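The exercises below ask the reader to work through a structure step by step, with a solution set out after each task. Please look at the sequence and the structure before starting.

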4 protein chains.
Amino acid sequence: MNKSRLEAFSDGVLAIIITIMILEIKAPEDDSFESLQHLIPVFLSYVLSFIYLGIYWSNHHHMLQLVKKVNGSILWSNLFLLFWLSLIPFATSWIGEHHFSAVPMSIYGFILLMCAVAYRLLQNKLIQLHGKESLLQHAIKTDKKGNISLLCYASAIPLAFVSPWISGLLYIAVALIWIVPDTRIENQINKKL
Amino acid sequence: MNKSRLEAFSDGVLAIIITIMILEIKAPEDDSFESLQHLIPVFLSYVLSFIYLGIYWSNHHHMLQLVKKVNGSILWSNLFLLFWLSLIPFATSWIGEHHFSAVPMSIYGFILLMCAVAYRLLQNKLIQLHGKESLLQHAIKTDKKGNISLLCYASAIPLAFVSPWISGLLYIAVALIWIVPDTRIENQINKKL
Amino acid sequence: MNKSRLEAFSDGVLAIIITIMILEIKAPEDDSFESLQHLIPVFLSYVLSFIYLGIYWSNHHHMLQLVKKVNGSILWSNLFLLFWLSLIPFATSWIGEHHFSAVPMSIYGFILLMCAVAYRLLQNKLIQLHGKESLLQHAIKTDKKGNISLLCYASAIPLAFVSPWISGLLYIAVALIWIVPDTRIENQINKKL
Amino acid sequence: MNKSRLEAFSDGVLAIIITIMILEIKAPEDDSFESLQHLIPVFLSYVLSFIYLGIYWSNHHHMLQLVKKVNGSILWSNLFLLFWLSLIPFATSWIGEHHFSAVPMSIYGFILLMCAVAYRLLQNKLIQLHGKESLLQHAIKTDKKGNISLLCYASAIPLAFVSPWISGLLYIAVALIWIVPDTRIENQINKKL
């Protein structure tokens, strides 16, 4: 089964998820700078989620570059990932409208955790199909970044009730460690060529 | 006429249908766990429809893998399928907002029935074009799964008025028999290679 | 300049236009059959516009099959077509919500007219680039269907003020003459192969 | 790393951005021509932004035609561009609803400025990767058009407070100098063939 339609569908869904978030940011009722200031938390949550979705798109893109084939089980793992990613716009407008308060920040972390779990699942299924000696397995190695992210999300969920700012900092920290594109995979691609 | 633009357009429409449903789930007014609990039926209906649309995308993907060409009549059968699929977000928010009550559950079943009829129609037209000896015909055989689904949807429409939960269970049952990707087709593809 | 990205972008825009119309059909406030009946005009307008957009997608698909190259001026003609098509969801919800009354029906016709004019413009530019002896020119010939459509739309705009039903019948009539995919072009494609 | 998925994703996001703006134009409450007249500023702002997004899509399309490869840093520059472009629908509905008043017009200019800066950044990174002797570098030369645009946007931001109409004229002027597709690049493509 070829991977190109899987990529096309994922690109479509990710493009829509990343873009519909802007529909939640309504133009202010009046035309003053003050009315724009009220939107600052909504904008900040948009920026954070835009970056996260950009990271997922970029990593998904990198991962599938190293992949030759897909099967039915991989289609469903990919849909499972897209499902959790599709909840990000919901959580984004919730944290933005409530100025990053505890419950929404905790739920935001839960959704990020599930996205990361789903991504790991998809990665494992792809490695399983391509073998321990595959380029993907070499590129991922022990997936240290992935493990740190899972740990951060899992901590941020309860820590939001200590202070939502701790969770916020953890989400920003994880974004920063990923924003550098996955050079492990990029190196493998270059080796392959 | 080549099939790639048909696939691209269908992927686009399916990606949008699957994603706009999340726009119907508005962030709660307040930031408590209780407010999230009120959204449970809406989330459950989202999960069910997401799975159904995932099944359609996956089966559509599998079916078109075995297909070599399309014609004008197939373009329109495909649009007829996309039309009925496009009504799923409407029915989804209706059943969610009214906690799976009788009339919405019955209409949800009617839309699923029409989707299944439209899919069968598209499948028949593809077989007609490719011949009785085609890979697709071998893969589908008697289409037992398809027949059971049609029967379940047709029963669920009136049974919603006995109890909407019977319909709900039927919808879940049909989803479960399809969630396993169509191994008949996957086998044909593997044989072909 | 190659045509594939033009096709991909047009597919994307058309897929979104055709799908966002469903966002305008809100789930009814209560869960009765009566509440569904109130949505009948909205549904009918959705069906009509879905068919029109399907026709445009199908004809656009057929036309670009016969085309080898595009240039900057064709990119802009295509965007001009997409602009007018993007106004269809607006006019669709207007005619649906006001039960096909005169002014909205007239404006709906104006938008359809501009779509047809834009399509003709794009067609002319493609023929100009590919020459009088091109497959496209042979397929289109005198474009009788196109001329009849332009005439019907132009008549429907003022006739809506005599009776909106005349306009409605004209829109349905034009859809019917197009719903048969453009066999002229299909014949040319078959000859080419 | 190949550029096709970057193009596909960008096409998807641009197609959605350009199309969701129409969701902001709600069908009027009543069915008179007067109600349509109230929408004129909203329509004008839609037309302007549609043209700007068309320009970005067209230039992006041209630029990537001359490009052979992409890397992680280019993926992120592209996402940075898409981020700023995604804010255009927000600013569009704001200027439309407030009849092009000073603050919204100034913010609209700021977003256009950031889009232009992000585009320049992406262009520079692509040139850097492909070398000073690349087709892209030859096509761009000193990027006079790009410099004039940056200057116009930067002037329009404060000038909106003198008169929003000056800013409006500057936005229209910049659109006009770009609406002619980038013949420099088109020439390079023709030379290459």
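A residue is called exposed when its relative accessible area is over 50%, buried when that area is under 20%, and partly exposed in between. The model examined here is a predicted one.

**Exercise 1. Two residues in one loop**

Task: Find where His99(A) lies, and decide whether His99(A) is buried or exposed; then do the same for Phe100(A), first its place and then its burial.

Solution. Begin with position: His99(A) sits in the loop between H5 and helix H6 (102–130) of chain A, and Phe100(A) is found in the loop between H5 and H6 of chain A as well. Next take the backbone, where His99(A), although not a glycine, has a positive phi of about 50°, and where Phe100(A), also a residue other than glycine, has a positive phi near 60°. Finally apply the cut-offs: with a relative accessible area of 51%, His99(A) is exposed, whereas Phe100(A), at 14% relative accessibility, counts as buried.

**Exercise 2. Helix H1 of chain C**

Task: Compare the span of helix H1 of chain C with the expected one, and state how many of the residues of H1(C) are buried.

Solution. Helix H1 of chain C runs over residues 4–20 and has 17 residues. From its first C-alpha to its last, helix H1 of chain C reaches 24 Å, which is close to the 24 Å expected at 1.5 Å a residue. Turning to burial, 14 of the 17 residues of H1(C) are buried, so H1(C) is largely enclosed by the rest of the structure.

**Exercise 3. The surroundings of two histidines**

Task: Place His60(C) in its helix and list what His60(C) touches; then place His130(D) and list what His130(D) touches.

Solution. His60(C) belongs to helix H3 of chain C and, with a relative accessible area of 2%, is buried. Leaving aside residues up to four places away in sequence, His60(C) touches Ser10(C), Asn78(C), Leu81(C), Tyr119(C) and Leu122(C), together with Arg5(B). His130(D), for its part, lies in helix H6 (residues 102–130) of chain D, and its contacts, again not counting residues up to four places away in sequence, are with Val67(D), Lys68(D) and Lys69(D). As a last step, take the distance to Asp30(D): His130(D) and Asp30(D) are 100 residues apart in sequence, and their C-alpha atoms are 57 Å apart in space.

**Exercise 4. How the copies are related**

Task: Which rotation superposes chain C on chain B, and which residue of chain C comes closest to the rotation axis? Treat chain A and chain B in the same manner.

Solution. A rotation of 90°, with 0.0 Å of shift along its axis, superposes chain C on chain B at an RMSD of 0.0 Å. The two copies are thus related as by a four-fold rotation axis. Within chain C, the residue that comes closest to the axis is Gly12(C), at 4.3 Å for its C-alpha. The copies use different surfaces, since 5% of the contact residues of chain C recur in chain B.

For the other pair, a turn of 90° and a shift of 0.0 Å along the axis lay chain A on chain B with an RMSD of 0.0 Å. Here Gly12(A) is the residue of chain A that comes closest to the rotation axis, with its C-alpha at 4.3 Å. These copies, too, use different surfaces, and 6% of the contact residues of chain A recur in chain B.

It remains to look at the pairs without contact. No contact joins chain A and chain C, whose closest C-alpha atoms lie 9 Å apart, and no contact joins chain B and chain D, whose closest C-alpha atoms also lie 9 Å apart.

**Exercise 5. The two largest pockets**

Task: Describe the largest pocket by its volume and by the classes of its lining; then describe the second largest pocket by its volume and its lining.

Solution. The largest pocket has a volume of about 1200 Å³. Its lining consists of 46 residues, and those closest to its centre are Ala8(A), Ala8(B), Ala8(C), Ala8(D) and Ser4(C). By class, this lining of the largest pocket has 15 nonpolar, 16 polar and 15 charged residues.

The second largest pocket holds about 940 Å³ of space. Of the 37 residues that line the second largest pocket, Leu23(A), Lys26(A), Lys26(B), Glu24(D) and Lys26(D) lie nearest its centre. Helix H5 (88–97) of chain A and helix H5 (88–97) of chain D are the elements that give two or more residues to this lining, and the largest share, three residues, comes from H5(A). By class, the lining of the second largest pocket divides into 14 nonpolar, ten polar and 13 charged residues.

Methods. Residues numbered from 1 in each chain as written. Chains lettered and ligands numbered in written order. Predicted model: local features only at pLDDT ≥ 70, side-chain atom pairs only at ≥ 80, totals over all residues. Heavy atoms only, no water. Helix = DSSP H or I, 4+ residues; strand = E, 2+ residues; numbered from the N terminus. Expected span 1.5 Å × (residues − 1). Buried < 20%, exposed > 50% of the residue type's maximum accessible area, 1.4 Å probe, protein only. 1 Å grid on protein atoms, 1.4 Å probe; cavity = no way out; pocket = protein on both sides within 12 Å on 5 of 7 lines; lining within 4 Å. Points joined across faces, edges and corners; volume = space filled by probe spheres on them. Nonpolar A, V, L, I, M, F, W, Y, C, P; charged D, E, K, R; others polar. Least-squares fit on C-alpha atoms with pLDDT ≥ 70 in both. Contact = heavy atoms within 4.5 Å.
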